[in-house]
Amino acid sequence: MSAAPSAQHLVKGAAWVFGDEINTDAMAPGLYFKESMAVMAQHCLETIDPDFATQVRPGDIVVGGRNFGVGSAREQAPMALQHLGVGAIIAVSFSRIFYRNAI
């Protein structure tokens, strides 16, 4: 029998469901590299879901398929999701470099 989860480990929010191989280029578009993280985050995933950055709320959950975070080694990709307040990212599997950058 397992103990009930503590409040500090509980994540509640809407689920934003994406498919396989979501690219870091979509999470952190290169066009905004010279801008602040606040500006870059407002363009996070806009090529996949133009409403994501404006409608995601703190605590929301991003759900991906296989190889989430494939593509360029952009440490800004997990930072943009964090800046938007994403509470958790759940995927079938993660790209190695995205996984390392997310830590």
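# Pairs, burial and contacts in a predicted model

Visitor: What makes S1 and S2 count as paired strands?

Guide: S1 is joined to S2 by 3 bridges, and the two run parallel. Two strands pair if DSSP finds at least two bridges between them, so the 3 bridges of S1 and S2 satisfy the rule. Within this pairing, Ala15 stands opposite Ile61 in S2. Strands here are DSSP runs of E with at least two residues, helices are runs of H or I with at least four, and both are numbered from the N terminus.

Visitor: On what basis are such statements made?

Guide: This is a predicted model, in which local features need pLDDT of at least 70 and side-chain atom pairs count only at pLDDT 80 or more, while totals for chains, interfaces and linings use all residues. Residues are numbered from 1 along each chain as its sequence is written, and side-chain values use heavy atoms, with hydrogens and water left out.

Visitor: How do you know that S2 and S3 pair?

Guide: They pair in the parallel sense over 4 bridges, and the rule asks for at least two. Ile61 stands opposite Ala88 in S3. The resulting open sheet has 3 strands in the order S1-S2-S3.

Visitor: Why is one side of S1 and of S3 left without a neighbour in the sheet?

Guide: S1 and strand S3 (88-91) stand at the edges, and each has a single partner strand, so one side of each has no neighbour in the sheet. In general, strands of a sheet pair through backbone hydrogen bonds, either parallel or antiparallel.

Visitor: Why is the unit of S2, H4 and S3 called right-handed?

Guide: S2, H4 and S3 make a right-handed β-α-β unit. The term applies if, with the strands pointing away from the viewer, the path from the first strand over the helix to the second runs clockwise.

Visitor: What makes Phe18 and Phe52 an edge-to-face aromatic pair?

Guide: The whole structure holds 5 aromatic pairs. In this one, the ring centres of Phe18 and Phe52 are 5.8 Å apart and the planes are at 75°. Rings of Phe, Tyr and Trp (its six-membered ring) pair if their centres lie within 6.5 Å; planes under 30 degrees apart count as stacked, over 60 as edge-to-face and the rest as tilted. The distance of 5.8 Å therefore makes Phe18 and Phe52 a pair, and the angle of 75° makes the pair edge-to-face. The two residues are 34 apart in the chain, with Phe18 in the loop between strand S1 (15-17) and helix H1 (24-27) and Phe52 in helix H3. Ring pairs also link Trp16, Phe18 and Phe52 into a cluster.

Visitor: Why are Phe18 and Phe52 called buried, and Ile48 partly exposed?

Guide: Buried means under 20% relative accessible area, exposed means over 50%, and partly exposed lies in between (1.4 Å probe, protein chains only). Phe18, at 11%, is therefore buried, and so is Phe52, at 0%. Ile48 has 39%, so it counts as partly exposed. Ile48 is found in the loop between helix H2 (37-41) and helix H3 (52-55).

Visitor: How do you know that Phe68 and Phe98 form an edge-to-face pair?

Guide: Their centres lie 5.3 Å apart and their planes make an angle of 80°, so Phe68 and Phe98 meet both the pairing and the edge-to-face conditions. Phe68 is in the loop between strand S2 (61-64) and helix H4 (76-83), and Phe98 is in helix H5 (residues 96-102), 30 residues apart. Phe68 is buried at 1%, and Phe98 is buried at 2%.

Visitor: What makes a set of residues a nonpolar core?

Guide: It is a set of buried Ala, Val, Leu, Ile, Met, Phe, Trp, Tyr and Cys residues joined through side-chain atoms within 4.5 Å. The largest such core has 23 residues, and those with the most contacts inside it include Phe52 and Phe68. H1, H2, H3 and H4 each supply at least two residues of this core, and the largest share, 3 residues, comes from H4.

Visitor: What does it mean that Ile48 is in contact with Phe18?

Guide: Contact means heavy atoms within 4.5 Å. Apart from neighbours within four places in sequence, Ile48 is in contact with Phe18, Ile22 and Ala26.
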